[in-house]
Amino acid sequence: VQLQASGGGLVQAGGSLRLSCVASGSIFSTLNMDWYRQAPGKRREIVAGVHSGGSTTYNYAVRDRFTVSRDNAENTLTLQMNSLKPGDTAVYYCHADNNPDPGTRRHDYWGQGTQVTVSS
């Protein structure tokens, strides 16, 4: 599985951006999908995720501002980011795992990252 993220850029505080991640292959619907981010000098952290079954989870810092969704027909994961803050500045990464059954090996896949910069 290859992941291609896009949609980052420079935006003023309070603005919006929409990130997209397109996955190759035919198993997208079976994957758990997530967005992570890493700011300079900080550890990579999870931002939001959508399970293969459709349930979503959010980092507390973004849950009222960001919306994660998936389109299995288009092999696409999306992150709509509203009311952006300077603290959201980071490289955002698309991530997937194969949602393994117990006793089955887990595989993780990462996209190349897209820069989001929020100016004050």
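How many bridges pair E4 and E9, and in which sense? E4 and E9 are antiparallel and pair over seven bridges; two strands count as paired if DSSP finds at least two bridges between them. The model is predicted, so local features need pLDDT of at least 70 and side-chain atom pairs count only at pLDDT 80 or more, whereas totals for chains, interfaces and linings use all residues. Residues are numbered from 1 along each chain as its sequence is written, and side-chain values use heavy atoms, with hydrogens and water left out.

The overall fold is a good place to start. The protein chain has eleven strands and zero helices, where strands (E, at least two residues) and helices (H or I, at least four) are DSSP runs numbered from the N terminus. The radius of gyration is 14 Å, close to the 14 Å that the globule rule gives for 120 residues, so the protein chain is as compact as a globular protein of that length. That radius is taken over C-alpha atoms, and the rule is 2.2 Å times the number of residues to the power 0.38. Along the principal axes, the C-alpha atoms fill a box of roughly 45 × 30 × 25 Å. Of the contacts (heavy atoms within 4.5 Å) between residues at least 6 apart in sequence, 55% join residues at least 24 apart. About 6500 Å² of the protein chain is exposed, with 46% supplied by carbon and sulfur atoms; these areas come from the Shrake-Rupley method with a 1.4 Å probe, and for residues only the protein chains shown count as cover.

Buried residues make up 41% of the 120 in the protein chain. Buried means under 20% relative accessible area, exposed over 50%, and partly exposed in between (1.4 Å probe, protein chains only). In soluble globular proteins, nonpolar side chains tend to be buried together. Here the largest nonpolar core holds 29 residues, and Met33, Trp35, Leu79, Met81 and Tyr92 touch the most other members. Such a core is a set of buried Ala, Val, Leu, Ile, Met, Phe, Trp, Tyr and Cys residues joined through side-chain atoms within 4.5 Å. Among the elements giving two or more residues to this core are strand E4 (32–38), strand E8 (76–81) and strand E9 (90–97). Beyond four places in sequence, Leu79 touches residues including Leu19, Trp35, Val47, Phe66 and Tyr92.

Strand E9 deserves a closer look. Seven of its eight residues are buried. Besides the pairing with E4, in which Gln38 has Val91 of E9 as its bridge partner, E9 runs antiparallel to E11 and is joined to it by three bridges. Ala90 stands opposite Val116 in E11. Three bridges also pair E9 with strand E10 (residues 108–110) in the antiparallel sense, and here Ala96 stands opposite Tyr109.

Two threonines round off the picture. Thr114, in strand E11, is buried at a relative accessible area of 10%. Its contacts more than four places away in sequence include Gly8, Leu19, Ala90 and Tyr92, and a polar atom of the Thr114 side chain lies 3.1 Å from the backbone nitrogen of Gly8. Thr67 lies in strand E7 and is partly exposed, with 43% relative accessibility. Beyond four places in sequence, Thr67 touches Tyr58, Thr78, Leu79 and Gln80. Thr67 and Leu31 are 36 residues apart in sequence and 18 Å apart from C-alpha to C-alpha.

Key
Polar contact = N/O pair within 3.5 Å; in protein donor to acceptor, adjacent residues only side chain to side chain.
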